[in-house]
Amino acid sequence: MNQDRKKDNGSFHRPVLAQEVVDLLAPVLPGVVVDATFGGGGHSRRLLDEFGGDVTVIGIDRDPEALANAGELGVVAIEGNFADLRHLVSEATDRPISAVLFDFGVSSHQLDEAARGFSYRKEGPIDMRMGPDAGFSASEIVNTWPEERLAEIIRRYGEEPLARRVAAAIVAGRPHQSTSRLATVIAEALPAARRRVGHPARRTFQALRIVVNSELDAITSGLDQAIGLVTGGGRVLAISYHSLEDRIVKRRFHRGAVGCTCPPELPVCGCGNSAELRILTRKPIRASAAEIEMNNRARSAVLRAAEKVAA
Ligand SMILES: C[S@@+](CC[C@H](N)C(=O)[O-])C[C@H]1O[C@@H](n2cnc3c(N)ncnc32)[C@H](O)[C@@H]1O
């Protein structure tokens, strides 16, 4: 095992469900694996440690800060949005792709760097752009969007039941310049009981981040392209952290796994449908209690995997 690769970059991001990812990818190697959310390189590093020369890793991230150390790892690093997956991968290789791994959301590095503006626990600008390709910052939303529109995104993307109340408080509290003050304004708009179930601003910050980075559209498009990209027998793995992400993955995998829809009494198929995917995780995989103990981020992680049916 390469000792340099073993160096722990845990301060940047500790990978979740890493052993489960390794187990699901082992049957498709040797080959090329696309790590579509390179982040701190935790999963890529683990794959290189486990499979050495049997794996070539292409690491993609829209955040240039994430890719700064990718070269040292021996990963083919590409800055870009996985919404352009097909194009990004075709620029890097013409070899068959054995698997694509997604690990959605923000990295610990992005959360920990106050200047990136993702954290409701830190004093920073209200930014939340994962990379330079995001068009506008969260500051524009909280300081200029009409109350109705604010309430709509907070309800839809934060699944915040008191979205109207939060939106009204944000509009009344303008202008907003720092994440910590914005978090206080949101917390004060909500009943004290909400403080017992995590930070009261968590849902609203999630909504802002999703909108700024068009996260759900990217997941829908990236997943589709990943399924198209992997070779027959290849695998697509996706780790989600909330129900909006997981619902997209679950529905896409289920849609791909639907085969012939003819009534069983028909002697010959007339619909012409055949399944493009075989779902490998009937029930999504969750982190063990031991992993959650070591890494709180693993608590909400849900891993789904599907295999492309050979043509
Ligand atoms: C949870 S972290 C990945 C952590 C990584 N698996 C590890 O073990 O270190 C998610 C990363 O995906 C990146 N990301 C999120 N959405 C993206 C997108 N649409 N295209 C490219 N990168 C994206 C973020 O910038 C972040 O660095």
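Q: How many disulfides does the structure hold, and by what criterion is a disulfide recognised?
A: This predicted model holds 0 disulfides. A disulfide is a pair of cysteine sulfur atoms within 2.5 Å, and no pair is counted here.

Q: Why is Cys260 not called disulfide-bonded to Cys262?
A: The closest cysteine sulfur to that of Cys260 is in Cys262, at 3.7 Å. A disulfide requires sulfur atoms within 2.5 Å, so the sulfur in Cys262 is too far for a bond.

Q: What rules out a bond between Cys269 and Cys260?
A: For the sulfur of Cys269, the closest cysteine sulfur is in Cys260, 3.7 Å away. Set against the limit of 2.5 Å, that separation is too far, and therefore no bond is assigned.

Q: Why is Cys260 called partly exposed?
A: Its relative accessibility is 43%. The partly exposed class lies between under 20%, which is buried, and over 50%, which is exposed; Cys260 therefore counts as partly exposed.

Q: Which class does Cys269 fall into, and why?
A: Cys269 has a relative accessible area of 41%. Because buried means under 20% and exposed means over 50%, Cys269 is partly exposed.

Q: How do you know whether Arg194 is buried or exposed?
A: The relative accessible area of Arg194 is 15%. The cut-off for buried is under 20%, so Arg194 is buried. Arg194 is placed in the loop between helix H11 (179-189) and helix H12 (202-212). Leaving aside neighbours within four places in sequence, Arg194 is in contact with Glu160, Pro161, Leu162, Pro200 and Arg203.

Q: What makes helix H3 mostly covered?
A: Helix H3 spans residues 42-51, and 8 of its 10 residues are buried. The buried residues are Gly42, His43, Ser44, Arg45, Leu47, Leu48, Asp49 and Phe51. After H3 comes Gly52, with a positive phi near 45 degrees.

Q: What places Gly42, His43 and Phe82 in polar contact with the ligand?
A: A polar contact is a pair of N or O atoms within 3.5 Å. A polar backbone atom of Gly42 is 2.9 Å from an oxygen atom of the ligand. A polar side-chain atom of His43 lies 2.8 Å from a ligand nitrogen atom, and a polar backbone atom of Phe82 is 2.8 Å from a nitrogen atom of the ligand. The protein buries 99% of the 600 Å² that the ligand exposes when taken alone.

Q: How many residues surround the ligand, and which are the closest?
A: There are 25 surrounding residues, the closest being His43, Asp61, Phe82, Asp103 and Gln110.

Technical notes. Residues are numbered from 1 along each chain as its sequence is written. This is a predicted model: local features need pLDDT of at least 70, side-chain atom pairs count only at pLDDT 80 or more; totals for chains, interfaces and linings use all residues. Side-chain values use heavy atoms; hydrogens and water are left out. Buried means under 20% relative accessible area, exposed over 50%, partly exposed in between (1.4 Å probe, protein chains only). Helices (H or I, at least four residues) and strands (E, at least two) are DSSP runs, numbered from the N terminus. Contact means heavy atoms within 4.5 Å. A residue is near a molecule or strand if one of its heavy atoms lies within 4 Å of it. A polar contact is a pair of N or O atoms within 3.5 Å; within protein, one must be able to donate a hydrogen and the other to accept it, and residues adjacent in sequence count only if both atoms are side-chain atoms. Accessible areas come from the Shrake-Rupley method with a 1.4 Å probe; for residues, only the protein chains shown count as cover.
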